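Subject: Handover of a structure

Dear colleague,

Please find below the structure that I am handing over to you. My account of what was found in it follows directly after.

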Amino acid sequence: MTLQESILARHSVRQYIDKPIEVEKIQQMQDLIDECNREGGLHIQLVTDEPNAFSGGLAKYGKFSGIRNYIAMIGRKGDDENLGYYGEKVVLLAQTLGLNTCWVGLTFRKQPDKYKVLDEEKLVCVVSLGYGATQGVQHPQKKGFESYCKDARNEPGSYPEWFVNGMKAALLAPTAINQQKFEFVLHDGNKVEAKTRFTMLNGYAPIDLGIAKCHFEIGAGKENFEWE
Ligand SMILES: Cc1cc2nc3c(=O)[nH]c(=O)nc-3n(C[C@H](O)[C@H](O)[C@H](O)COP(=O)(O)O)c2cc1C
């Protein structure tokens, strides 16, 4: 499965079956996490065989079950967009390995002895990981891609194909409460600016933006544009 295919196949999955993740898959995930931490200056950690974070009433309330593995998204202040960007790379790798995931901000219990949070770092959220009871379903698409982008070129025309492909991939990105409060602006010289749209409710907007940028980059092809 390619990364493009994994963007189409990925949906949030909240119920998991009791099937351990193979050692080789864990190693592949760990290798990418190490690379992301190096590149992004982050402290993302894989936690395996740990059922307690999702064993209480909160998890039940969130309709989560069977979770024994998760990815702890840990970084410093100001790292949230990067955590979204690099965290989603790990999520998409998981999908290519036949695993399922769900970003979770609220309905889990912190287990401080299962990962390391250094001074000035915080656990921002986790991503559940394992074999899903189902493959999940596509989230509702509220509007067409044009509602989430702008053409700021001196001579605006129709959007180039790579940009449209990027937008379509961004709209398949997971976002907290499926808010999709992001906007992609096309500038001259194939420069793309990504920003959050105003929302009262969503403290996760920077993470959502990072996730959407990861999708956009895969959909558009990194070689076709530059981030502004
Ligand atoms: C930063 C972030 C936090 C999230 N927190 C939760 C959560 O606490 N509980 C939950 O059930 N889903 C959570 N989600 C999953 C979203 O509800 C889900 O991604 C969205 O509805 C879109 O659905 P999809 O992932 O299937 O495309 C979160 C997603 C993100 C990106």
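**Strand β6 and its neighbours**

D151 stands opposite L186 in β6. The model is a predicted one, and the description below should be read in that light. A second facing pair between the same region and β6 is C149 opposite F184. Strand β5, residues 149-151, pairs with β6 in the parallel sense, over three bridges. Between β5 and β6 the chain passes through helix α5 (residues 161-170), and this β-α-β crossover is left-handed.

The side chains of β6 (residues 182-187) alternate along the strand. F182, F184 and L186 point to one face and are buried, whereas E183, V185 and H187 point to the other and are not.

On pairing with strand β7 (residues 191-196), β6 runs in the antiparallel sense, over six bridges. Within this pairing, V185 has E193 of β7 as its bridge partner. Three residues lie between the strands of the β6 and β7 hairpin, where G189 takes a positive phi near 75°.

Taken as a whole, the open sheet consists of four strands in the order β5-β6-β7-β8, with mixed pairing. Its edge strands are β5 and β8 (226-227), each of which pairs on one side only.

**The ligand shell**

Which residues come nearest to the ligand? Of the 22 residues around the ligand, these are S12, W103, H139, P174 and N178. Two elements, β3 (100-104) and α6 (205-220), give two or more residues to the shell. By class, the shell comprises 11 nonpolar, nine polar and two charged residues. Domain 1 (3-130) and domain 2 (145-227) both contribute residues to the shell around the ligand, so the ligand lies between them.

**The nonpolar core**

In soluble globular proteins, nonpolar side chains tend to be buried together. The largest nonpolar core of this model has 62 residues. Those with the most contacts inside the core are I44, I71, M73, V90, V126, V127 and A170. Helix α6 supplies the largest share of this core, nine residues. Why does the core lie between domain 1 and domain 2? Domain 1 (3-130) and domain 2 (145-227) both give residues to this core, and therefore it lies between them.

Helix α6 thus appears in two of the accounts above: it gives two or more residues to the ligand shell, and it gives nine residues to the largest nonpolar core.

Yours sincerely

Conventions:
Residues are numbered from 1 along each chain as its sequence is written. This is a predicted model: local features need pLDDT of at least 70, side-chain atom pairs count only at pLDDT 80 or more; totals for chains, interfaces and linings use all residues. A residue is buried if 20 or more other C-beta atoms lie within 10 Å of its own, exposed if 12 or fewer, and partly exposed in between; C-beta atoms are placed from the backbone. Two strands pair if DSSP finds at least two bridges between them. A crossover is right-handed if, with the strands pointing away from the viewer, the path from the first strand over the helix to the second runs clockwise. A residue is near a molecule or strand if its C-beta atom, placed from the backbone, lies within 6 Å of it. Ala, Val, Leu, Ile, Met, Phe, Trp, Tyr, Cys and Pro count as nonpolar, Asp, Glu, Lys and Arg as charged, and the others, Gly among them, as polar. Domain bounds come from an automatic or database domain assignment. A nonpolar core is a set of buried Ala, Val, Leu, Ile, Met, Phe, Trp, Tyr and Cys residues joined through C-beta atoms within 7 Å.
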